[in-house]
Amino acid sequence: KAAAEKLKAAMGDVPLRAVLVSECFEDAENKQALLAGVCSVFPREIVFGQATYGSFTQAGCGGFDTVCLLGVGGEGIGVAAALVKDLGVAKLTFETHEAEIKQRLHAAGAKLAGKLPRAQGDRLAVLLADAHSPKNQFLVEGVQQVLGGSFPITGGSANKNAGQTFVYFQGRAYSDSAVALMLSGDFRVVLAGRKAMDNDQVIATAREAAAQSLAAAGKPHAVLAFNCAGRRGKLKRPADELEAIQTALGIELPLFGCYCAGEVGPVDASEKTPGVLSGGSGWHVMFTVIGR
C-alpha cells in the first residue's frame, strides 16, 4: 500500500492506464495481501504483473519481501490487456514433453495476442507468463503468429519456484497463465538484449545493452529491463550489474527492472532468428527504452 501511495503521488494528475507489479513475497496469502494493498489505492482493473525474484530501479536492488510498481499513463497513451489461463504446461518437462509444450504454447500465444484490442498507435507488447525458459520461446512464437516477427515484444517469465508462479491480471492472481499488455501512443521504443553466464560478462553485457538501447531512443522517458535471476546469481555483488547499467542510463531516468525465470526481447546473436526482433530465452537481460 505504501508503494502504491508513493506511485500515486509521483503520477500526480497524469492519467494512469496501468500499474505493473513485480513482487518477491513467498506464499499465496502474502501475495493476496500485497494485491489487496495495491488495489486499495488503484482500481483493480488496471493492476497487472507477476511474481519475480526481486526488482531493481534507479534507487537500487531489492530481493525477497520487496515490491516494485511501475505506473504507465499520460495523455494519448493506451494500454490494452489480455489473459489466457490453463496453458497446460506447468507440469510438463521440456526434456520429456517438448513437442506437446510447443503445440500448447503456440496455440496459447496466438490466442493471447488475438484477444488484444489493436490500435493504429500500437508500439510495444509486454508478455508476462508462467512459462519459464526454454518454454517461453514457444509462447513468443505463438504471439508472433498474430503480431508478426518484427513487432517489438518484451517481458519475462514468473518465478518458477513451487507455489510462486503467479501472474497478475486486473488485480487477481493466476498460475499456469499468461498476460499480455499492448502499449500504444505517440512514442518510440528501442530494444536490446544480451546473454551472459559469469560475473564479468554479466556486468559488461548489461552496460552494453543499456547503452545500445539508449543511443537510438531519441529523448528517453523510461526504461524497462527484464533480467535473468541466473545472471544475478553469478554476480559476486548484485549491485555491480545495476551500477554498470547506470553508467549507461544515468541515475535520473526512470528504470523498472525485475529478475525473471526467462526473458523476452532481442536474443543474443548466437540465438537470433533472422528477421525476427524478439525471442524467448534465458540468461539474458532485455532493455526497452521508451522515448520520443
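This passage describes the surroundings of serine 55 and the sheet to which its strand belongs, in a predicted model.

Serine 55 lies in strand 3, which spans residues 55-57. The relative accessibility of serine 55 is 5%, and the residue therefore counts as buried, the cut-off being under 20%. The side chain of serine 55 makes a polar contact with the side chain of serine 22, at 2.7 Å. Apart from residues up to four places away in sequence, serine 55 touches Ser22, Gly60, Cys61, Gly62, Cys68, Gly257, Cys258 and Tyr259. Serine 22 thus appears both as a polar partner of serine 55 and in this list of contacts.

Strand 3 pairs with two strands, strand 14 and strand 4. Strands of a sheet pair through backbone hydrogen bonds, in either a parallel or an antiparallel sense. Strand 3 and strand 14 run antiparallel and are joined by 3 bridges; here serine 55 stands opposite cysteine 258. The pairing of strand 3 with strand 4 is also antiparallel, over 3 bridges, and serine 55 stands opposite glycine 62 in strand 4. Both cysteine 258 and glycine 62 are among the residues that serine 55 touches.

Strand 14 comprises residues 255-260, and 6 of its 6 residues are buried, so this strand is largely enclosed by the rest of the structure. In a regular strand the side chains alternate between the two faces of the sheet. Both faces of strand 14 are covered: the buried residues are Leu255, Gly257 and Tyr259 on one side, and Phe256, Cys258 and Cys260 on the other. Strand 14 is further joined to strand 13 (residues 220-228) by 6 bridges, and these two strands run parallel. In strand 14, leucine 255 stands opposite valine 223.

These pairings form part of an open sheet of 6 strands with the order 4-3-14-13-17-12 and mixed pairing. Strand 4 (60-62) and strand 12 (188-195) are the edge strands, each of which pairs on one side only. From one strand to the next, the twist averages 15°. Helix 5, residues 199-215, packs on the sheet and touches strand 12, strand 13 and strand 17 (284-291). The direction of helix 5 makes about 160° with that of strand 12.

In summary, serine 55 is a buried residue of strand 3, with cysteine 258 of strand 14 opposite in one pairing and glycine 62 of strand 4 opposite in the other.

Notes:
Residues are numbered from 1 along each chain as its sequence is written. This is a predicted model: local features need pLDDT of at least 70, side-chain atom pairs count only at pLDDT 80 or more; totals for chains, interfaces and linings use all residues. Side-chain values use heavy atoms; hydrogens and water are left out. Helices (H or I, at least four residues) and strands (E, at least two) are DSSP runs, numbered from the N terminus. Buried means under 20% relative accessible area, exposed over 50%, partly exposed in between (1.4 Å probe, protein chains only). A polar contact is a pair of N or O atoms within 3.5 Å; within protein, one must be able to donate a hydrogen and the other to accept it, and residues adjacent in sequence count only if both atoms are side-chain atoms. Contact means heavy atoms within 4.5 Å. Two strands pair if DSSP finds at least two bridges between them. Axes are lines fitted to C-alpha atoms, for helices over the stretch in contact, and angles run from 0 to 180 degrees between N-to-C directions.
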